[in-house]
Amino acid sequence: MDRFGSSKLRIGWTLVCLFLAGLVFMAIRGQQGPDGSQVVVFGTAVPLGAESLKDYSLGGLQGVMYWLVSLVLLLGAFGPVSQWTAAASRGERLKGFFAGTGLGFAHGLFLSQVALLPVWALSWRLIGQAWPPELLRADLHGLLLGLQMLLWAVLLSRLLKSSAGLALLLTLLLRELGPRLSFFLDFGQDLGWSAGQVKVLEVFVRLLPMAQLPSDPFSPLALPLSIGGPLVLGALAMLLPAGGRK
C-alpha cells in the first residue's frame, strides 16, 4: 500500500476530515417549524421555504456523496495505478492492472469513507439521522462509479501513452456523456431507430460512467457491463506492445 501513499498521508487526511466533521457538528443545525424549515449556520438562520427539511437535505446530500466518493476514489488511486501499468513488461502491466486496481480501490475506499465524515455529521445535524438509507445507497453507488471511472482512466492512460492527464480528463468527459445518451434510450424509437439500434446503444451507455445516480446499478445487464466491460477492455489494452511516455 506504500505505492499509494504513506501512513502519514492517511493519518493527516483523517485528522483533516475529523476537524471538518467537528466544525460541521458545532456550527450547523436544521430546524423544522410550522412556517417552514431553516438551517442555522454559525448562528445565522438560512430559510429554506415550505419544503420539508428532510427531503431538502437528502436530495442535496445524495448528490454530494455520489460525486465526492467517486472523485476521491478516482484521484486517490489513478496516479499509482497508471504508473504501474506503464511498465515495460507485459506481465508486470497485467499485474499492475489487476493488483493495482484492487489495491487502488482499497486505498480509495478508505479515503472516500473518511472524507464522508463531515457529510455524516451534517446529516445528523440536519435531519437527526447519521446514516439514512438514501445516503448509504448513494455512498455505494459512488463507490461503483469510482471503480468504473478508475478502470476507464487506466485504460485510456494505457492507450494515450503520452498523457495521463488527458486520460483523466477524457474519463471525466465520458462520465458526462452517459446521461446525454440516455435521452436516445427513452426516445430513440420515437425518432425512427429500430429496437436493435436502441439495444446496442443501451449496451454502450452501460459501459460508460454515469454522472447521475443510477436507478438500478445492480441489474443483470448494468453491473456486468459497467464493471466487467472496462475491466476486460483494460486487460486487453495491457497486452498492447509497450511504448514509452513522451
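These are my notebook entries on one predicted model, from the overall fold down to single residues.

**Entry 1: how far to trust it**

I began with confidence, as I like to do with a predicted model. The protein averages a pLDDT of 86, and 92% of the residues score at least 70. Where is confidence lowest, and where is it highest? The low end is strand β3, with a mean of 80, while helix α1 (residues 7–27) sits at the top with 94. I kept the value for β3 in mind when I came to the strands.

**Entry 2: the overall layout**

Next I listed the secondary structure and found eight helices and three strands. Along the sequence the order is α-β-β-β-α-α-α-α-α-α-α. I then looked up the extent: the C-alpha atoms fill a box of roughly 65 × 55 × 30 Å along the principal axes. Of the 246 residues, 44% are buried. The exposed surface comes to about 12,500 Å², with carbon and sulfur atoms supplying 68% of it. I also checked the contacts with a separation of 6 or more, and residues 24 or more positions apart account for 68% of them.

**Entry 3: the strands**

I went through the strands pair by pair. How many bridges join β1 to β2? I find six between β1 (residues 28–33) and β2 (residues 36–41), and the two strands run antiparallel. For a register mark I noted Gln32, whose bridge partner in β2 is Ser37. A hairpin connects β1 to β2 by way of two residues.

Then I moved on to β2 and β3 (residues 44–49), which are also antiparallel and are joined by five bridges. My register mark here is Val40, with Ala45 as its bridge partner in β3. This pair forms a hairpin too, again with two residues between the strands. A reminder to myself for viewing the sheet: in a regular strand the side chains alternate between the two faces.

**Entry 4: Phe42**

One residue in that second turn made me stop. Phe42 lies in the loop between β2 and β3. Its phi is positive, at about 50 degrees, although Phe42 is not a glycine. Is Phe42 buried or exposed? I looked up its relative accessible area, which is 63%; Phe42 counts as exposed because the cut-off is over 50%.

I then asked which residues share a nonpolar surface patch with Phe42. The patch is made by Val16, Phe19, Leu20, Leu23, Met26 and Phe42, and covers about 660 Å². It was nice to see the turn residue Phe42 turn up again as a member of this patch.

**Entry 5: Glu134**

My last stop was further along the chain. Glu134 has its place in helix α5 (residues 133–159). Its relative accessibility is 25%, so Glu134 is partly exposed, falling between the buried limit of 20% and the exposed limit of 50%.

Which residues does Glu134 touch, leaving aside its neighbours within four places in sequence? I find contacts with Leu58 and Gln62. I also noted the pair Glu134 and Gly59: they are 75 residues apart in sequence, yet their C-alpha atoms are 9.0 Å apart in space.

**Entry 6: what I keep from this**

Two places are bookmarked for my next look at the model. One is Phe42, in the loop between β2 and β3, with its positive phi. The other is Glu134 in helix α5, with its contacts to Leu58 and Gln62.

How values were computed: Residues numbered from 1 in each chain as written. Heavy atoms only, no water. Pairing = 2+ DSSP bridges. Helix = DSSP H or I, 4+ residues; strand = E, 2+ residues; numbered from the N terminus. Patch = residues over 30% accessible without salt bridge, like charges linked within 9 Å, V, L, I, M, F, W, Y side chains within 5 Å. Areas by Shrake-Rupley, 256 points an atom, 1.4 Å probe, with all protein chains shown as cover. Salt bridge = Lys/Arg side-chain N within 4 Å of Asp/Glu carboxyl O. pLDDT = per-residue confidence, 0-100. Buried < 20%, exposed > 50% of the residue type's maximum accessible area, 1.4 Å probe, protein only. Contact = heavy atoms within 4.5 Å.
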